[in-house]
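User: I'm new to this structure and would love a close look at a single part of it, the surroundings of the ligand. Could you walk me through that, and then show me what else is worth knowing along the way?

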Amino acid sequence: MIAVSNRISRPAKGASPGGLAQALSEALRGSNGMWIGWSGDFARPGSDLEIERDGDITFGLVDIAEDTYHRYYEGYANSVLWPLFHSRPDLAERTPGDFAAYRTVNAEFADAVAEAAQPGDTIWVHDYHFLILAEALRARGLAGTIGLFIHIPCPPLDVFRRLAEARTIVRALTAFDTIAVQTRRDAARLAECMAATAEGTIRTSRGGLRVDACGGSVHITVKPIGTQPAEIRRSLETARPAEVEAYLARAAGRTKLIGVDRLDYSKGIPNRLLAYERHLEGDRSRAGSTLFTQIAPPSREAVAAYAAVRTEVERITGRIVGAFGDLASSPLTLLTRPLDRVGVAHMLANADIAMVTPLADGMNLVAKEFVAAQDPHDPGVLVLSKYAGAAEEMVDALIVDPHDLDEMAAAITAARTMSRGERRERHRSLAAVVERTRIERWLGSCLKDLAPS
Ligand code: ADP
């Protein structure tokens, strides 16, 4: 098998691999496979696919020319596809030449895969960076199974239609044999977008949907991704970082709320801060008995919409701290830098309430990590947006609409006053979801779909 993703996680580069990277590495080890991705370098003239062995995994490293990379990555992928797929067409920013760069990168990756592949190899492609890769691979004669996993949400048809390249992309999608998405909602939306754009048909097939269009036939399946609960529990056995200890001393006796996200407009960070402000406005004495910590390292800072949401988050934070803090303490802490995995696990484990309130999200792993990190005997409460993919399964969270600030403020109150019995019952159900979808199981299920029948 050959896996393809934009970023790869190379231990030799000191990468601390996330759950997906670890699981993928395991699978590739088992299948004698290769993982192809961007080398992290800009192209040197005439550079070919560079092969690097790391332990028993083989990486295929692709250089991309600097200007092409920016147009493809910050440009088409993150200024057009990401906002559109997250139902924010208002934030899409098109620059002439960006789609051409996206096409170039897909073609260059197709060349790399074609160079590395043996006849009949299975190719497993990841995410919105490579929606048109299968078509380029077929053009290079690859005949094996080609699968795509889309990590982000799929947009409804009326949003997808606004994409100038909608037809081109749908035609290219029909070159995949199978496309897996996070939720049933995404599967239905993707099938509708494809069928409506390319005058195709949809039918149910083997527990999923099948779209026949442009002479191709694509099986769409639902594979909700998960986390590694055992790994999180192991992290909790290691000593708490000094910074977390100091935080716990400061937070002693208060209800601790937590948010952990990349600083992305899709995460609904302003909305949850505004809801918290409303909660404090309801009774000013709450400011002394609560501490909300939002960890939000900036991401994709070259894209204007990301700078804008950072400014907004900092503005609201400043207002809350100014209005509700005093000389002794503050009810809100904002950290705009990353914390390491162990630190995040301890922060999640010690929180009473997790605020996971995206406006759109493929899955949202923080929701699952919070549940995995909590003490089942005295668990905290998950406040979860109905727009997170996770909400399709984690129905025993306190489900909220992040656009409804009153509802979210009420959910914070409900979480603070929830009986231990109810918290345990909800946690039991949520923990079962986390176990059922843990990353190894997700991987096994994806690989089964990709296996030649
Ligand atoms: P996305 O992939 O859109 O960033 P997810 O919630 O699905 O969102 O996954 C994010 C992953 O990154 C989780 O494993 C989470 O623990 C980690 N993460 C998110 N925010 C931070 C942060 N501020 N510091 C460290 N790790 C983070």
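Analyst: Let's begin with a term: a residue is called buried when its relative accessible area is under 20%, exposed when that value is over 50%, and partly exposed in between. Please keep in mind that this is a predicted model.

Now to the ligand. It has 13 residues around it, and those that come nearest are Arg262, Lys267, Pro297, Leu339 and Glu369. Sorted by class, this shell has eight nonpolar residues, four charged ones and one polar one. Which element gives the largest share of the shell? That is H13, with three residues.

Some of these neighbours can be followed atom by atom. In the side chain of Lys267, an N or O atom is 2.9 Å from an oxygen atom of the ligand. Leu339 takes part through its backbone, where an N or O atom lies 3.4 Å from a nitrogen atom of the ligand. Leu365 also uses its backbone: one of its polar atoms there is 3.0 Å from an oxygen atom of the ligand. How much of the ligand does the protein cover? On its own the ligand has 570 Å² of accessible area, and the protein covers 75% of that.

Helix H13 leads us on to the empty space inside the protein. Rolling a probe the size of a water molecule over the atoms shows where empty space is left. In this structure there are three cavities of 30 Å³ or more, and the largest cavity has a volume of about 80 Å³. Helix H13 (365-373), strand E15 (381-385) and helix H15 (420-436) are the elements that give two or more residues to its lining. H15 supplies the largest share of that lining, four residues. Among the residues that line the largest cavity are Phe370, Val371, Leu382, Arg423, His427 and Leu430. By class, the lining of the largest cavity divides into seven nonpolar, three charged and two polar residues.

For a wider picture, here are a few single residues, starting with the buried ones. Leu142 sits in the loop that runs between helix H4 (133-139) and strand E6 (146-149). Leu142 counts as buried because its relative accessible area is 13%. Its C-alpha atom is separated by 7.1 Å from that of Ala114, although the two are 28 residues apart along the chain. Ser330 is another loop residue, placed between helix H11 (304-324) and strand E13 (332-335). With a relative accessibility of 17%, Ser330 is buried too. Its side chain reaches the backbone oxygen of Leu332 at 2.9 Å.

Val222 belongs to strand E10 (residues 216-222). Is Val222 buried or partly exposed? Its relative accessibility is 30%, so Val222 counts as partly exposed. From C-alpha to C-alpha, Val222 and Phe149 are 9.7 Å apart in space, with their positions 73 residues apart in sequence.

Last comes Arg206, in the loop between strand E8 (201-205) and strand E9 (208-213). Arg206 is exposed, because its relative accessible area is 66%. Its side chain makes a polar contact with the side chain of His219, at 3.5 Å. Tyr306, by contrast, is 100 residues from Arg206 in sequence and 40 Å from it in space, C-alpha to C-alpha.

How values were computed
Residues are numbered from 1 along each chain as its sequence is written. This is a predicted model: local features need pLDDT of at least 70, side-chain atom pairs count only at pLDDT 80 or more; totals for chains, interfaces and linings use all residues. Side-chain values use heavy atoms; hydrogens and water are left out. On a 1 Å grid over the protein atoms alone, a cavity is a set of points where a 1.4 Å probe fits but cannot get out, and a pocket is an open set with protein on both sides within 12 Å along at least five of seven lines; lining residues have an atom within 4 Å of a point. Grid points are joined across faces, edges and corners, and a volume is the space filled by probe spheres set on the points. Ala, Val, Leu, Ile, Met, Phe, Trp, Tyr, Cys and Pro count as nonpolar, Asp, Glu, Lys and Arg as charged, and the others, Gly among them, as polar. A residue is near a molecule or strand if one of its heavy atoms lies within 4 Å of it. A polar contact is a pair of N or O atoms within 3.5 Å; within protein, one must be able to donate a hydrogen and the other to accept it, and residues adjacent in sequence count only if both atoms are side-chain atoms. Accessible areas come from the Shrake-Rupley method with a 1.4 Å probe; for residues, only the protein chains shown count as cover. Buried means under 20% relative accessible area, exposed over 50%, partly exposed in between (1.4 Å probe, protein chains only).
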